[in-house]
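Ready for a few warm-up exercises? Have a look at what is shown below, then work through the tasks one by one.

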Amino acid sequence: MWGDPWRFDSSREHFFFPFGSVLFFTLAFMASDSASANRDQDPAFVQAAFTSIASRYVLTNHVLSMGIDVSWRKKVAKIVAARNPEFILDVATGSGDLAAEVWKACPDARIVGADFCAPMLEHAKKRGLPELIVADGMDLPFDDGSVDVITIGYGLRNMENWAGAVREFSRVLKPGGTLVILDFSLPANPVLRAPYRFYLHHILPLIAGVLTGNRQAYQYLGESIERFPKGDDMTAMLLENGYTTASATPLATGISSVYVAEKGAAATGASPA
Ligand SMILES: C[S@@+](CC[C@H](N)C(=O)[O-])C[C@H]1O[C@@H](n2cnc3c(N)ncnc32)[C@H](O)[C@@H]1O
């Protein structure tokens, strides 16, 4: 269910929501250097972009987001820990922010972080994550039915084919395994959604332009979030591509969402493309 879009998850989140979200968006999209519509899904562009901002991403992600994104990652970690997984794969692990939270919650599990941008993984290494691999999330180097839980935080939106990616995740998940996606969305409540859209498309680029000297780069952020499936559209995509259940929970009024999908115990893989 989409849930209550007005609910804040903690008093800290409530307090920092406007300021922290601006900064977090600023960080997450520092890589965007073009107003072109779909470059955010071009693998070569995404790889080059994250290579160029790897060190800034790490610094700003934790210092300037003021912990809002941390609370969302902790929520994902809690969902994962409830499954008692033996083998967890964090796709698009980047600097390892999500993998580190999941590892903390599941210290006895095997956890692998995979990303196709090696410079981002250099920062993940500093967290002491035990297994990090350079790999494309669209073509994972794991056997069919080998992983208990796959997590992906702020990575799916930049992948070249969303349905193809979740099918690939379903392929490597064990029957009964779980996929947890954390990514940006929009507030479900129209009263909040309209001004938030205005903020995303007009105010955010202004603020980000002042902070970074590159206003144009942030015009593209709003378009990327608009295009990405959210709520029921995301759960429908998951149900059509290898999962038997799927749910969506909005975070901080819906500016991010967490999606949980299960690969049915009897499932043999994804449905045809
Ligand atoms: C915004 S960072 C997210 C990092 C981390 N998961 C987090 O929660 O902060 C997005 C990451 O996705 C990675 N990525 C995008 N497309 C990918 C793909 N097809 N395969 C592997 N990694 C990918 C990028 O290299 C980048 O490191």
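Before we start, one definition: two strands pair if DSSP finds at least two bridges between them. Keep in mind, too, that this is a predicted model.

**Exercise 1.** Find out how strand 6 and strand 7 are arranged, and which residue of strand 7 stands opposite Ser247.

Solution. Start by locating the strands: strand 6 covers residues 245-251 and strand 7 covers residues 256-262. Next, look at the bridges: seven of them join the two strands, which run antiparallel. At least two bridges are needed for a pair, so strand 6 and strand 7 do pair. Now go to Ser247, and across from it you'll find Val260 in strand 7. Last, follow the chain through the turn: four residues sit between the strands of this hairpin. One of the turn residues, Ala252, has a positive phi of about 50 degrees.

**Exercise 2.** Describe the shell around the ligand: how many residues does it have, and what kinds are they?

Solution. Count first: 22 residues surround the ligand. The closest are Ala92, Gly94, Cys117, Gly137 and Gly153. Then sort the shell by type, which gives twelve nonpolar, seven polar and three charged residues. Finally, check the helices: helix 2 (43-63) and helix 4 (97-105) each supply at least two shell residues. Helix 2 gives the largest share, three residues.

**Exercise 3.** Zoom out and sum up the whole protein.

Solution. Begin with the elements: there are nine helices and seven strands. Then turn to burial: 47% of the 273 residues count as buried. To finish, take the contacts with a separation of 6 or more: 69% of them link residues 24 or more positions apart.

Methods:
Residues numbered from 1 in each chain as written. Predicted model: local features only at pLDDT ≥ 70, side-chain atom pairs only at ≥ 80, totals over all residues. Near = placed C-beta within 6 Å. Nonpolar A, V, L, I, M, F, W, Y, C, P; charged D, E, K, R; others polar. Buried ≥ 20, exposed ≤ 12 C-beta atoms within 10 Å, placed from the backbone. Contact = placed C-beta atoms within 7 Å.
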